[in-house]
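Trainee: Got a minute to go through this one with me? I'd like to talk about charges, cysteines and the surface.

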Amino acid sequence: MYDYIIIGGGSAGSVLANRLSKNPKIKVCLLEAGPVDKSSMVHMPAGFVPLIRTRGKYNWGLETVPQKYLNNRRLYQPRGRGLGGSSSINAMIYIRGHPTDYDNWANMGCKGWSYKDVLPYFKKAENFSDEGGVYYGKNGPIFVSKLRTQSEVCSDFVEAAVQCQIPRNDDFNGPAQEGAGFYHVTQKEGERHSVAKAYVKPVLNSRENLTILTGATARRIIFEGKCAKGVEVLLQGRQEILTAHKEVILSAGAFHSPQILLRSGVGDARILQGQGIEVHHDLPGVGLNLQDHLDFTFCYESSNRSTIGLSAKGVSDILRGLWQYWTSRQGIMTTNYAEAGAFLRTDKSLPAPDIQLHFVKALVVDHGKTLMKEHGFSCHVCQLRPFSRGSVSLNGADIYGAPVIDPDYLADERDMDIMVKGCRITRSIMEAQPLARHTTKELFSAKAQSDDELKALIRERAETIYHPVGTCKMGTDSMAVVDSELRVIGMKGLRVVDASVMPSLVGGNTNAPTIMIAEKAADMIREGPYS
């Protein structure tokens, strides 16, 4: 018997476990399907590359259904598995998003979610080690810092952008987002500072009221009428029922949270009945409204040997970097690869940037699955606010297997038009002198010059940059799944707290906003009727 059962130990669930268990009178159970984050590859910043490339112990390694507008390709969807979730395998970039993102949420009926409302929760979570002033939190659990390494070629990317009339921006989380500069990262003293390290590790052995079960797969939620009462869990091969006296909180992410709701009988009644699932609550929006950041990557071979490659010099640099890392937490192993980037507007009349660039000091091909011997650099072009909407559903033949993921990328033609504009701006940056002097060859894209050629190339090579949201939408319309306090509409004792509740994608990486959502949710829960 617990007061609260949290399903998922990722970026939201870890926050909730810490904040709710702060009251010693409340018993909290955190369920995580993956393992404890013991791997050195998790904690060494550069180690995320082998973790993200393939399905494994720390990575669900999901994939989409064939994408109609991307030449019917199945796209790879890595997601974190284990304490810390995707914050344990991501590129550590810390971006709050644009203020208008949250004001738009409030305008969509999400009361209490304007930028003014959420900023205190960003600051509550943050411990900015290099910054000061009113924009930053200084005493929160999650350490945010500048990179210990800022390579020459990444600095030249910023200079190239400035030559293309893009303003220099030393702080994307400051008063203005637009411009080019270096990213803040979730690192502490040269190590990854995942949400598990920030929120779970400090209380792991000191709170008797907090139970953390790893290797625990939540199969379905148990209901009495319209009230959630517990969770059926597969724990080390045994099926068990855990009881929640107050609430069950789903924090399994944009793919698994709707999947668990659906197989628990919460979703579109017609579809559930057709799959032989007992319907507990007819809620058609579950699994709909999926949004993700589609990404196209320009790749260039380079004469600059400070970039990362598998040449003899590159391997020597990596070995030296490993020694530096183990002895002093310095050197190239502290990199997140995507050290620099930019936020751009394809139309100057837009209120906020609609394109984000991630500049990487290595050749990135197929999520790093293809190891490139050559030295080079890459630039990711990401459309920030796609119009296309997809879905997550159950595999009727195996509802306990992987979810059926269909982002339906580029279904709305406006998305392709924006991607082409973003690619043209990006190419102008890559061809500016500060970067062009390092370039020896443009890979894959050199022949794509016309709009039609760029469109064909995008359909052939675009991938996700790992920001799925929206499948348990917060709001007041017919597709809403949760209300403004993240309670599942029409149910009792059941909430969803993770990126799936975002009604629309934010302008940037989604890890920081997910942490913020959990911080705000923890206050809502503590102040609610069950506190």
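Mentor: Let's take salt bridges, then cysteines, then a surface patch. This is a predicted model, where local features need pLDDT of at least 70, side-chain atom pairs count only at pLDDT 80 or more, and totals for chains, interfaces and linings use all residues. Residues are numbered from 1 along each chain as its sequence is written, and side-chain values use heavy atoms, with hydrogens and water left out.

Trainee: OK, how many salt bridges does the structure hold?

Mentor: There are 28, a salt bridge being a side-chain nitrogen of Lys or Arg within 4 Å of a carboxyl oxygen of Asp or Glu.

Trainee: What does Arg495 pair with?

Mentor: Arg495 meets Glu247 in a salt bridge, at 2.7 Å from N to O. Arg495 lies in strand β26 (residues 494-496) and Glu247 in strand β14 (residues 238-250), so the pair ties together parts that are 248 residues apart in sequence. Helices (H or I, at least four residues) and strands (E, at least two) are DSSP runs, numbered from the N terminus.

Trainee: And are Arg495 and Glu247 buried or exposed?

Mentor: Both are buried. Buried means under 20% relative accessible area, exposed means over 50%, and partly exposed is in between (1.4 Å probe, protein chains only).

Trainee: What about Arg219, which residue does its side chain meet?

Mentor: Glu232, in a salt bridge of 3.3 Å, N to O. Arg219 sits in strand β12 (residues 216-224) and Glu232 in strand β13 (residues 227-235), 13 residues apart. Glu232 is buried, at 5% relative accessible area.

Trainee: Which residues are linked in a network of salt bridges?

Mentor: Lys124, Asp523 and Arg526 are.

Trainee: Switching to cysteines: what does the disulfide count come to?

Mentor: Zero, with a disulfide taken as a pair of cysteine sulfur atoms within 2.5 Å.

Trainee: Why is there no bond for Cys299?

Mentor: Because its closest cysteine sulfur, in Cys379, is 9.9 Å away, which is too far. Cys299 is also buried, at 1% relative accessibility. For Cys472, the closest cysteine sulfur is in Cys110, 13 Å off and again too far for a bond.

Trainee: Last one: which residues make the nonpolar surface patch?

Mentor: Leu310, Val315 and Leu319 make one of about 240 Å². Patches use residues with over 30% relative accessible area and no salt bridge, joining like charges within 9 Å and nonpolar side chains (Val, Leu, Ile, Met, Phe, Trp, Tyr) within 5 Å. Areas come from the Shrake-Rupley method with a 1.4 Å probe, and for residues only the protein chains shown count as cover.

Trainee: Where is Leu310?

Mentor: In the loop between β18 (294-302) and α10 (312-328). Leu310 counts as partly exposed, at 36% relative accessibility.
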